[in-house]
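Subject: Handover of a structure and summary of findings

Dear colleague,

Please find below the structure that I am handing over to you. My findings follow directly after it.

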Amino acid sequence: MKFSGPSVVLPELMRRLALPAAAIVLLTIPGAFAQEARSTVGGELTSEEEIKQFCTNIADPARDQRYLLQKQELEKLRADVDTRIAEMQKRKDEYQDWLKRRDVFLKQAEAGLTDIYKKMKPDAAASQLQEMRIEVAAAVVMRLNPTQSSLILNEMDPKKAAIIANIIASASDPNTSKDPS
């Protein structure tokens, strides 16, 4: 570097130093902006702003958790409804089975046996009915008039008469079990 004079040196020196100085100034400006933003965000937030920021940060996870809890509750309710539907279907099937058994029971009595036992003496009818299938005997006794039925049941073994009376009573009861005895 040659210096020809003080007037030439200073402008030349400024020109050479201007570019690095401008680069230093430009590099420090973003840092200044960042520091200014940090002081507003980190240090001097009011409690209301902190609350808003916290709520904003947890809004999505809270909503997801709410949806998950609602989904679990709906699944539990669905399982409960499915259980109740299955129970209702079971009761419906049992009721239909009961109706079918009752119809078969009544048809057995209508097969002409009733007329036969109407004409028999109570002691003879009782001894024969005791030896029949209990369902058929109950159907026959049920189809007879009350006077004849009582005379026949009076002549039967008390245990068998009680079973037949129980079957006759349960024939009109919709809550009867599947077991006719």
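Read from the start of the sequence to its end, the chain follows the pattern α-α-α-α-α-α-α. It has 7 helices and 0 strands. Please note that this is a predicted model.

**Confidence**

The mean pLDDT of the chain is 79, and 71% of the residues reach 70 or more. Among the elements of the chain, helix α6 (residues 146-155) has the highest mean pLDDT, at 92, and helix α1 (residues 6-43) the lowest, at 59. Over residues 34-42 the pLDDT is below 50, and this stretch has 3 contacts in the model beyond near neighbours in sequence. Where pLDDT is low, the predicted coordinates should not be read in detail. I would ask you to keep this in mind for the stretch of residues 34-42, where the pLDDT is below 50.

**Burial, surface and contacts of the chain**

The chain has 181 residues, of which 16% count as buried. The exposed area of the chain is about 14100 Å², and carbon and sulfur atoms supply 60% of it. With regard to contacts with a separation of 6 or more, 69% are accounted for by residues 24 or more positions apart.

Helix α5 (residues 134-143) is mostly covered, with 7 of its 10 residues buried. The buried residues in α5 are Ile134, Val136, Ala137, Ala138, Ala139, Val140 and Val141.

**Salt bridges in helix α2**

Side chains of opposite charge can pair when their charged atoms come close. The count for this model comes to 7 salt bridges. Three of these are described here, in sequence order.

In the pair of Asp60 and Arg63, the side chains meet in a salt bridge with an N to O distance of 2.3 Å. Both residues lie in helix α2 (residues 47-110), 3 residues apart, which is about one turn of the helix. Asp60 counts as partly exposed because its relative accessibility is 43%, and Arg63 likewise counts as partly exposed, at 32%.

Further along, Asp80 forms a salt bridge with Arg84, and the closest N and O atoms are 3.5 Å apart. Arg84 and Asp80 are 4 residues apart in helix α2, so about one helical turn separates them. With a relative accessibility of 56%, Arg84 counts as exposed, whereas Asp80 counts as partly exposed at 35%.

The side chains of Glu87 and Arg91 also meet in a salt bridge, at 3.1 Å from N to O. These two residues lie in helix α2 as well, 4 residues apart, or about one turn of the helix. Glu87 is at 33% relative accessibility and therefore counts as partly exposed, while Arg91, at 54%, counts as exposed.

Why can such spacings bring side chains to one side of a helix? An α-helix has 3.6 residues a turn, so residues three or four places apart point the same way.

**The aromatic pair**

A pair of aromatic rings is described by the distance of the centres and the angle of the planes. The structure holds 1 aromatic pair. The ring centres of Tyr95 and Trp98 are 5.9 Å apart and the planes stand at 20°, so the pair is stacked; the angle falls under the 30 degrees that stacking requires. Both Tyr95 and Trp98 lie in helix α2, 3 residues apart, about one turn of the helix. Which of the two is buried, and which is partly exposed? Trp98 is buried, with a relative accessible area of 10%, whereas Tyr95 is partly exposed, with 41%.

**Gln130 and its surroundings**

Gln130 has its place in helix α4 (residues 122-131). The relative accessible area of Gln130 is 17%, so this residue is buried; the cut-off for that class is under 20%. The side chain of Gln130 reaches the backbone nitrogen of Asp157 at 2.4 Å. Leaving aside the neighbours within four places in sequence, Gln130 is in contact with Met156, Asp157 and Lys160.

Yours sincerely

Note on methods. Residues numbered from 1 in each chain as written. Predicted model: local features only at pLDDT ≥ 70, side-chain atom pairs only at ≥ 80, totals over all residues. Heavy atoms only, no water. Buried < 20%, exposed > 50% of the residue type's maximum accessible area, 1.4 Å probe, protein only. Contact = heavy atoms within 4.5 Å. Areas by Shrake-Rupley, 256 points an atom, 1.4 Å probe, with all protein chains shown as cover. Salt bridge = Lys/Arg side-chain N within 4 Å of Asp/Glu carboxyl O. Phe/Tyr/Trp six-rings, centres within 6.5 Å; stacked < 30°, edge-to-face > 60°. Polar contact = N/O pair within 3.5 Å; in protein donor to acceptor, adjacent residues only side chain to side chain. pLDDT = per-residue confidence, 0-100.
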